[in-house]
Amino acid sequence: MPCEVTARFLILYGSQRGQAQSIAEEICEQANEHGFTADLCCLSNVEKYNVDSESRPVVFVVSTTGDGDPPDTAQKFVRKIKNKSLSQDSFSHLCYALLALGDTNYANFCNCGKTIDRRLQQLGAKHFYATGHADDGTGLEVVVDPWIEGLWEAVKKVFANMSTADQQVTAPSGSLSKNASSQENNRSDLAVDLHLLKLSERDSQKENKYESVQTETASTPLVASLKYSVPPLSESALNVPVLPPSYLEVLLETASTEETAPADKEGYHEVPVSKAVQLTQDDSVKTAILLELDILGQNMVYQPGDSFEVLCPNRANEVEELLLRLGLQMQKNYAVQLHLLKNTSKKAVKVPPHIPQKASLQFILTWCVEIRSVLKKAFVRALADVTQNGSEKRRLLELCSKGGSADYNRFVRDANVCALDVLRAFPSCQPPLNLLFEHLPKLQPRAYSAASSSLQHPGKVHFVFNVVEFPECPEHPARTGLCTGWLADRVSSILQPPGMVPASECLDTSALPKVHVRYRPSSTFHLPADPSVPIVMVGPGTGVAPFIGFLQQRDKERQVNQEVTFGETWLFFGCRYRDKDFLFREELERFVHNGTLSHLIVCFSRDEPDGGKTVNRARYVQHNMILHAKSVSDILHKDKGCLYVCGDAKNMAKDVNDTLLEIIGNELQLDKLETMKMLAGLREEKRYLQDIWS
């Protein structure tokens, strides 16, 4: 007897920082509008789903983290499907679609999604819709939006096919016939058009005076900005996303308790900063600072290559401005209680776990939600709905519309525009508190690589950072990076200027500034277990940080184990100017002098030692790698050595990867495909390792 097929499908997501979850929730919401029922589940909740016997269509939404690793919530699932004992038809019953999220600034783009996709295919599963690969480097929505738009026709087709095969269908909201689905789409489109028409009519009635001024201004040439658009967008009908349903109720109570940073609950330790040194000259392009943290007695045993996460607060002045803008400055010390709305249409919702109950409003806005986060389109759409002025509402709808993607990328995403920036630009936008709590993500810690070895600095850890600066622009005022700017301010009282002989350590730790840190071990970015294995390190700028730890470790190991053979060590370092930002210069030269560092290859991108007469001099680390191509190739191919890259993912890491392809191809006489396979093999063997950031 044929089984009954219902128009119900399953959405499984694997998310590290919430993006994949947010997209999965959006698909779940849209399913209702298209007449389907979707069940939403995190891949980590294995007790709530069973792909081994799943007969419904399944939609996977998965991100990639680290060096191509699965997010924490997907690791168990990936291990399960990688089990070699599974037969080739283990998932022949499974019909699925997959949306992979990644970032082309990193080498293993969408690796988790590709791994799941490839393995499911090997186990007999079948696609019902083409896999999407969304790039956070250019904007996830460029792929995500059209992928979701095309998903619904594919879902209808798969249910129609299941209906034909099983002869019995329960269709969503009526028949799944072509005519009915077409009528449903037409009704949906008409509803959106009518909704926008009513908005336009209502806003024009309320804002006649403003609209007439706007029309008059529009007759003169305008330049597009965050606040204003130009034709053709300003004259186009808009295809806007559906308004995200509200799901939180916020209650403010007069009683509250004093709070400090939420350290104890999440494994953070408050530790003193025992030393802070400015490593660059005052006239350097960037300001690099080294911090020494006293972690004695904190049970944080680290290796060079590990990192530490720093928990920083939102800026006090920005929190105050936000409270003032929301009209809640007098209630900032009130306790917040969150409840789910009983009549919400949003599925699978829960109170955000990163917002503690009964904490004060000021505490939550300071330590729990990231008020600097760049606005997602769904947030912009929600803000448009609480904007009173017709022209301002129209502009926000443009920014979140399909046709306004270029403006959104330019004026919101690329400009790092946050909620406060939008509230400054659109005075009539009056969001309720629940809207902010529904859309502002968790305040994430910032990770910094250890720039020291515990063998040389017992009970201490060093890390280095550049103070990130965002210059003033039409979209926002000048500001520094959330964590780097806060750290620089935090240690200003003990900061030693460049070139100064380090002061003796302060014994009164109570007088030292303190920060909250959490140890984050690396699974692979460590020195080889066999000290005889040669290594190549590539780390321009602050990317040299973990390699200082490597060399300190190797230096101590050489002193203790003088009979042991140690492999060659190469460091390719680069900076702008020899005399302004050559980080750790004295220490690196000491390592060369005592034999710990075999080869120090340095380039200076802005120095012109001969007045710029040398045309082909090495400006960047990849240029020096080409000059030493044979040595690099021999270490990796003949000597089975390791290559480590640390630093900027957007440019440097890509260029180094391309240079490696060129070196290996030329030196070993391999074609492009063979070269790429060899580089992939080095990654698989954990001999080509990256610690990069964007």
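## Charged side chains: exercises

K460 is buried, as is E292; buried means under 20% relative accessible area, exposed over 50%, and partly exposed in between (1.4 Å probe, protein chains only). This is a predicted model: local features need pLDDT of at least 70, side-chain atom pairs count only at pLDDT 80 or more, and totals for chains, interfaces and linings use all residues. Residues are numbered from 1 along each chain as its sequence is written, and side-chain values use heavy atoms, with hydrogens and water left out.

**Exercise 1.** Find how far apart the closest N and O atoms of K460 and E292 are, and which strands hold the two residues.

*Solution.* Start with the rule: a salt bridge is a side-chain nitrogen of Lys or Arg within 4 Å of a carboxyl oxygen of Asp or Glu. K460 and E292 form one, with the closest N and O atoms 3.6 Å apart. Next, place the residues. K460 lies in strand 15 (residues 460-466) and E292 in strand 11, so the bridge ties together parts 168 residues apart in sequence. Helices (H or I, at least four residues) and strands (E, at least two) are DSSP runs, numbered from the N terminus.

**Exercise 2.** Locate the partners of the salt bridge between E149 and K402, and classify each as buried, partly exposed or exposed.

*Solution.* Take the distance: the closest N and O atoms are 2.9 Å apart. Then the location. E149 sits in helix 4 (residues 141-166). K402 sits in the loop between helix 10 (390-400) and helix 11 (405-413). The pair links distant parts of the chain, 253 residues apart. Last, exposure. E149 has a relative accessible area of 46% and is partly exposed. K402, at 47%, is partly exposed.

**Exercise 3.** Do the same for K580 and D283.

*Solution.* The salt bridge has its closest N and O atoms 3.7 Å apart. K580 is in the loop between strand 21 (569-575) and helix 16 (585-594). D283 is in the loop between strand 10 (269-278) and strand 11 (288-294). The two residues are 297 apart along the chain. K580 is partly exposed, with a relative accessible area of 26%. D283 is exposed, at 52%.

**Exercise 4.** State how many salt bridges the rule gives.

*Solution.* The count comes to 29 salt bridges.

**Exercise 5.** Place K82 in the chain and give its exposure.

*Solution.* K82 lies in the loop between helix 2 (75-81) and strand 5 (95-102). Its relative accessible area is 48%, so K82 is partly exposed.
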